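Here are a few friendly notes to read alongside the structure. Take them one at a time and look up each residue as you go.

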Amino acid sequence: MRQQRRTGDKPHRASSRRSGGGDQLNQVLLAAAETLNEWRSLHPRRRPGRAVSWLVPSWPSGLLLSRYGQRLAEGLVADRVLREHARARVGLSLLTQDDRTTLFELSQAAAVSMSGDSDDDISGSGHSERAVASMSRQLIARALLDPNDATAATGASLFRRLPVGSTGMPSQQNSEPSGAGVTAGLQSESAAAPRAGQGRLPRQRQDSDSRELRRLVGTSAKELTRARAELSSAQAEVEALKATLVRLTQERDQARANLPSRQQRQRLENAIQLAADLRKARKQLSDLREERVAQKRAHSAQVGELEDAVAAAQAERDKATDARHRLEDRLGDLPGRAHYLQNLLKGRISRLEADLEDLPRNQARTRLAREVTQLRELSEHLDRVLPATGVDSDPQIGTGAAQVATHEAAGAQSVDRAEYRPVAYASADRGLRVEVLGGGHEIGGSAVLVEAGSTRILVDAGVRPNADSPRLAAPPRIARAQEGRLDAVVVTHGHNDHAGFVPKVIADQPRAATICTPATAALMPEMWADAKRVMEQQANDMAEYGWLAPLYGEPEVEAAEKSLRPLTYGRPHNIKDLTIQLFDAGHILGAAGVVITAGDQRAVITGDIYNLPQLSVGSAQLPPKLAREADLLVIESTYCDRRHRDRALQIQDFVRAIAEVVGGGGRVLIPAFGLGRAQEVALMLRQQLPDVPVLVDGLARAISDIYEREAHLDIFGGNVQRVDNRQRSRLMQTFQTGVVITTSGMLTGGFAVPWAQQILPDPHSALFVCGYQDEESAGRALQRLAERDDPTVPATLPLQTQDGPVAVPVAARVETYSLSAHADRDGLTEIIDELAPARTMLVHGLGREQKKFRETLERARGRRTVRNDLPWSGLA
Ligand SMILES: [Zn+2]
Ligand SMILES: [Zn+2]
């Protein structure tokens, strides 16, 4: 019954759209519904969380009140916040204490009535109770909004007991019978069925209900559309999410696929381990390296200090050596000469004593005897003051040199060699080092020590001409070369001032090779044999004056011959750390300059050099590529102070003068060096004076043979003949017109001396000097005689013959012709300019002239020069 009635009520309640009429309870319920709807319309995030889903905003007030009133009331009871909001909307005052009492009484009454008749509610029946109900509705409305939960619950329980018609809708109230209790709105629509009396409703109401229904349907359709749109958007969202899921799945699969395999992981782990180890090792290594760097820095600092110390010590030593050598040079001559004079004095004393024996005893004899006694005292005094033999006192050169020729020398030599302590030079392993040991500021005794690393070579080892003793014939500082092992002796050419000491060097350094051009190798044995003969002769001649043994004898010459290693021009040759290469220096047959290379450093040593062609040899051939811009040029300076007359004119004058003398029925003696000048003059006379008989004597003969063989020249033949030893004495008498070319070039020995004895006193004859004359040579003395102020004053020339000194009267014509085979000032300048070395060192000349030339080179040519009395180092 009640259900039917309630279902039939529905359209009526719906017609009043949320107005709620004047009824406060309805206003409260509608306010609750509006609040809930409002919350629902809020953004989900901002919703208080109490938005209910069962409420649809478009529902009319009637529908809400009739069907969901109870729910709304329960909602209010359950939510204090909702109560607050609803209260704010309807603006009802709170319950007073009296109101609460009343409410409590009502509740009690309702409970009593319920216990009596469960079907009936407090409203009961009858009009008197309606007023009470109306009042209680107000009370319930305010109770439902009460902040107190219990009060609100009481309100709600009373609300449940309110009659249905009490919703405040007058039509409803009127049409509905009282006594029908309002129960919880749980009735379902399906349970509802049209009441039998529905057809009896007025037509107007039916229309209104159907309108309302249509409107509701329209609203529902809109809701549905909106819901569909929401659904489709939700579906789209789902699709998007599905796509994302697929993508993520794929990514996950891919990631899984990319995951390394077990083996790979193992390897990776190994690699990581390895990398860690490596890092550790690297760290250790870098620590170690830092340590080493620090050590190295410390070491190099120490090395630097040591090097400085060594350099200082070396400089000190060089200075001391230099001073010692200068002293030695000065003193060297003095003891020798003193010794010579000492012997001379003793000889004179003994001769005087012999003479004294024969004299009659008189005052003169007494005076002489007194003088002899004084002389003997002087001699004894000299013996005390001067060492017995000045030579033996020299530890470095004397003993070995002196005793080579005597065959008991072996022991002495080995003692000598034992004293040659090899010295490690700090500079040696730092580059090329060049040190002049002889022939620096003199012509003779040329020797240049070249060192690099452990390699040591000697360029030239010559003797000093006209030395008073064999000891003094050695290059002054040759002992330096003997301080260590020599790897080679490079000989620039066969002249004695460059090669004469080689057999002595080889005797002391038996493992060293002698390197020179093939022509020089052919010439040197002849030169050495001649030197040996001359020295033996001198030793023999001077024996009574204590003249010492020759520098070397036959065994040493043979050993030197065996050490020869010919090297052709232009061919590089390695000697350990050094490379040498020879080039044609002109000058004489086989003469060579040498380019020495050590790493990136080069030194060029010219030897004797001549830049113009001669009849017997061509001009010097400088190798520009090899020798240009060398670090050091060591160049001879024999004629650095003069300019040669034009060579052709000089030869013309020379030949004309010879023709004059010979034409006048006289003889011309030409003392010439056996090697070079003699051949040049012979060739000249053979070509230009083919009718003048020319004799070639002495060493020049054998040398000319070598020239013919090595240079393919014709020297002998035609007017040029050699002197046979057996014919010489006869020829000296019979050969009255013609030219004699013979050694020595300075009239110091050889067959030039007997020939000079023959020719010099003859006024129709002539002696033509045509080469360098040593200051103390007989040749130089003759030149001085020729330059004397009054040529009519008779003059004599002291000559050393085999039978002793003789004074030879000079009546012959004496002239000097410069047929030099050495470059003059211009030639040297030209060579230096062409080679453009970083430094130039002058050797093989006289100090004073070298000084002038050096100044010219420095000031006028902008060349840098270095001294020859100090070692040159490529790194200095
Ligand atoms: Zn020479
Ligand atoms: Zn020379």
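The points below begin with confidence and then turn to aromatic rings and their partners.

1. Please keep in mind that this is a predicted model. The protein has a mean pLDDT of 82, and 82% of its residues reach 70 or more. Two stretches call for care: the pLDDT is below 50 over residues 1-20, a stretch with 67 contacts in the model beyond near neighbours in sequence. Residues 166-199 also have a pLDDT below 50, and that stretch has 62 such contacts.

2. Now for the rings: there are four aromatic pairs by the rule used here. One of them joins W59 and Y68, which are stacked, with 4.9 Å centre to centre and 5 degrees between the planes. Are these two residues buried or exposed? W59 has a relative accessible area of 17%, so it counts as buried, the cut-off being under 20%. Y68 is buried too, at 14% relative accessibility.

3. Next, look at F768 and Y817, an edge-to-face pair at 5.1 Å centre to centre with 65 degrees between the planes. F768 belongs to strand β16 (residues 766-769), while Y817 is in the loop between β19 (813-816) and α26 (825-835), so this pair ties together parts that lie 49 residues apart in sequence. Both residues, F768 and Y817, are buried. Ring pairs also bring in F654, making a cluster of F654, F768 and Y817.

4. Finally, find two arginines over rings. R722 has its charged end over the ring of F716, 4.1 Å from the ring's centre. For R728, the charged end sits over the ring of F751, 3.3 Å from its centre.

Technical notes. Residues are numbered from 1 along each chain as its sequence is written. Chains are lettered from A and ligands numbered from 1 in the order in which they are written. This is a predicted model: local features need pLDDT of at least 70, side-chain atom pairs count only at pLDDT 80 or more; totals for chains, interfaces and linings use all residues. Side-chain values use heavy atoms; hydrogens and water are left out. pLDDT is the predictor's confidence in each residue, from 0 to 100. Contact means heavy atoms within 4.5 Å. Rings of Phe, Tyr and Trp (its six-membered ring) pair if their centres lie within 6.5 Å; planes under 30 degrees apart count as stacked, over 60 as edge-to-face and the rest as tilted. Buried means under 20% relative accessible area, exposed over 50%, partly exposed in between (1.4 Å probe, protein chains only). Helices (H or I, at least four residues) and strands (E, at least two) are DSSP runs, numbered from the N terminus. A charge sits over a ring if NZ of Lys or CZ of Arg is within 6 Å of the ring centre and within 35 degrees of the ring normal.
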